[in-house]
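This report walks through one protein chain. It begins at a single residue and works outward to the fold, the cross-link and the charged pairs.

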Amino acid sequence: VLVAAADEAAANLSTVAREALKSCGAKYIDQLSWRGSYALVGVKWSAALAERVTMHGSGPAQIVAHYEKVVTTEAPKPACNGRLAEPPVKGYLSNGQLDLEANCRYELWQGSQASAC
């Protein structure tokens, strides 16, 4: 998530917007004051990669961040059978994905699979 505000954002930044930024790792958004500048490079439900607030008259908030995306080359797991009397649901969260103990995955985000339910 990339966010930048210059000149005046503090007065119109709602509590909901501030909480949304905090969910992307923002720690200093509440320090944004009248005519200040703000910059954020964040990751949803993680720590910010970079964040800065500057006060009025201190120039723009400038940041630099690096994000490395790791791509796995392992073969995709087979689709789980959701029509079983007790479909697989036990597992743990890993890299934002549910890793099921049954060594399968659900494809509910795919329209063709969801319409078959």
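## Alanine 26 and the core

Leaving aside residues up to four places away in sequence, alanine 26 touches Leu21, Tyr38, Leu40 and Glu51. The model is predicted. Alanine 26 is also a member of the largest nonpolar core. That core has eight residues in all: Ala10, Leu21, Ala26, Ile29, Leu32, Tyr38, Leu40 and Val53. Three of the contacts of alanine 26, namely Leu21, Tyr38 and Leu40, are thus core members too. In soluble globular proteins, nonpolar side chains tend to be buried together.

Cysteine 24 is buried as well, because its relative accessibility of 6% falls under the 20% limit.

## Overall fold

The protein has two helices and five strands. Along the sequence they follow the pattern β-α-β-β-β-β-α. Of its 117 residues, 22% count as buried. About 8,700 Å² is exposed, and carbon and sulfur atoms supply 55% of that area. Take the contacts between residues at least 6 apart in sequence: 31% of them join residues at least 24 apart.

## The disulfide

How many disulfides does the structure hold? It holds one. The partners are cysteine 80 and cysteine 104, with an S to S distance of 1.9 Å. Cysteine 80 sits in the loop between strand 3 (50-54) and strand 4 (91-94). Cysteine 104 sits in the loop between strand 5 (97-100) and helix 2 (111-115), so the bond ties together parts that are 24 residues apart in sequence. The link is right-handed, with 95° about the S-S bond. Both cysteine 80 and cysteine 104 are buried. A disulfide is a covalent bond between the sulfur atoms of two cysteines.

## Salt bridges

A search of the whole structure finds four salt bridges. The table lists three of them.

| Basic residue | Acidic residue | N to O distance |
|---|---|---|
| Arginine 35 | Aspartate 7 | 2.6 Å |
| Arginine 18 | Aspartate 30 | 3.6 Å |
| Lysine 22 | Glutamate 19 | 3.6 Å |

Begin with arginine 35 and aspartate 7, whose side chains meet in a salt bridge. This pair links distant parts of the chain, 28 residues apart. Arginine 35 lies in the loop between helix 1 and strand 2 (37-41). Aspartate 7 lies in the loop between strand 1 (2-5) and helix 1. Arginine 35 counts as partly exposed, because its relative accessibility is 33%. Aspartate 7 is partly exposed too, with a relative accessible area of 38%.

Next come aspartate 30 and arginine 18, joined by a salt bridge between their side chains. Aspartate 30 is in the loop between helix 1 and strand 2, and arginine 18 is in helix 1, so this pair ties together parts that are 12 residues apart in sequence. Is arginine 18 buried or exposed? Its relative accessibility is 15%, so arginine 18 counts as buried; the limit for that class is under 20%. Aspartate 30, at 49% relative accessibility, counts as partly exposed. That class ends at 50%, over which a residue is exposed.

Arginine 18 belongs to helix 1 (residues 15-22). Beyond residues up to four places away in sequence, arginine 18 touches Ala10, Leu13, Ile29 and Asp30. Two of these contacts, Ala10 and Ile29, belong to the largest nonpolar core.

The third pair is lysine 22 and glutamate 19. They are three residues apart in helix 1, so about one helical turn separates them. Lysine 22 is partly exposed at 31% relative accessibility. Glutamate 19 is partly exposed as well, with a relative accessible area of 43%.

Which residues form a network of salt bridges? Arg18, Glu19, Lys22 and Asp30 are linked in one.

## Positive phi angles

Arginine 35 has a further feature. Its phi is positive, about 60°, although arginine 35 is not a glycine. Tryptophan 45 is another residue other than glycine with a positive phi, here near 60°. Tryptophan 45 lies in the loop between strand 2 and strand 3. Its relative accessible area is 70%, so tryptophan 45 is exposed. Arginine 35, by contrast, is partly exposed at 33%.

Conventions
Residues are numbered from 1 along each chain as its sequence is written. This is a predicted model: local features need pLDDT of at least 70, side-chain atom pairs count only at pLDDT 80 or more; totals for chains, interfaces and linings use all residues. Side-chain values use heavy atoms; hydrogens and water are left out. Helices (H or I, at least four residues) and strands (E, at least two) are DSSP runs, numbered from the N terminus. Buried means under 20% relative accessible area, exposed over 50%, partly exposed in between (1.4 Å probe, protein chains only). Contact means heavy atoms within 4.5 Å. A disulfide is a pair of cysteine sulfur atoms within 2.5 Å. A nonpolar core is a set of buried Ala, Val, Leu, Ile, Met, Phe, Trp, Tyr and Cys residues joined through side-chain atoms within 4.5 Å. Accessible areas come from the Shrake-Rupley method with a 1.4 Å probe; for residues, only the protein chains shown count as cover.
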